[in-house]
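Student: I'm new to this structure, and I'd like a close look at one part of it. Could you pick one helix and walk me through it?

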Amino acid sequence: ADIPVIPDLEEVQEEDLAMQVAAPPSVQVNRVLTYQDLDKDLMKYAAFQTLDGEVDLKLLTKVLAPEHELREDDVIWNWDHLFTEVSSELVTEWDLEKSERED
């Protein structure tokens, strides 16, 4: 009875695997930081004040634009309208250059 036995293929096929369910994978979800969190961390940690220990980023962090200045409303682009607008601006520029050359 202590001797291991290799099961026959027929015995293995008889096992009902349909009722066995694999465990779901465990995924660690990282929280996405907000602009406010990033701003606080930027000023709080000295690691963000230098790059590779050599480049001083303090001047850059002082002049970074605040979030409210960077926010823009979402605008839906219409291809026909955008193409017409860009085309008319280019034609206007070409006409101005042509008139300047003639003068």
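Tutor: Let's go through helix H5, after a little background.

This is a predicted model, where local features need pLDDT of at least 70 and side-chain atom pairs count only at pLDDT 80 or more, while totals for chains, interfaces and linings use all residues. Residues are numbered from 1 along each chain as its sequence is written, and side-chain values use heavy atoms, with hydrogens and water left out.

The protein chain has 5 helices and 2 strands, arranged along the sequence as α-α-β-β-α-α-α. Helices (H or I, at least four residues) and strands (E, at least two) are DSSP runs, numbered from the N terminus. Of the 103 residues in the protein chain, 4% are buried; that word means under 20% relative accessible area, with exposed over 50% and partly exposed in between (1.4 Å probe, protein chains only).

Now to H5 itself, which covers residues 79-102. Its 24 residues reach 34 Å from first C-alpha to last, close to the 34 Å expected at 1.5 Å a residue; the expected span is 1.5 Å times one less than the number of residues.

At the start of H5, a side-chain oxygen of Asn-78 comes to within 3.1 Å of the backbone nitrogen of Asp-80. Right there you'll also meet Trp-79, which is exposed because its relative accessibility is 63%. Trp-79 sits 4 residues from Phe-83, about one turn of the helix. These two form a tilted aromatic pair, 5.8 Å centre to centre with 35° between the planes. Rings of Phe, Tyr and Trp (its six-membered ring) pair if their centres lie within 6.5 Å; planes under 30 degrees apart count as stacked, over 60 as edge-to-face and the rest as tilted.

Further along, Val-86, Leu-90, Val-91 and Trp-94 make a nonpolar surface patch of about 370 Å². Patch residues have over 30% relative accessible area and no salt bridge; nonpolar side chains (Val, Leu, Ile, Met, Phe, Trp, Tyr) are joined within 5 Å, like charges within 9 Å. Trp-94 counts as exposed because its relative accessible area is 52%.

Finally, look at Arg-101 and Glu-97, which form a salt bridge with their closest N and O atoms 3.9 Å apart. The term needs a side-chain nitrogen of Lys or Arg within 4 Å of a carboxyl oxygen of Asp or Glu, and the whole structure has 1. Arg-101 and Glu-97 are about one helical turn apart because 4 residues separate them in H5. Arg-101 is exposed at 67%, whereas Glu-97 is partly exposed at 38%.

Note on methods:
Areas by Shrake-Rupley, 256 points an atom, 1.4 Å probe, with all protein chains shown as cover. Polar contact = N/O pair within 3.5 Å; in protein donor to acceptor, adjacent residues only side chain to side chain.
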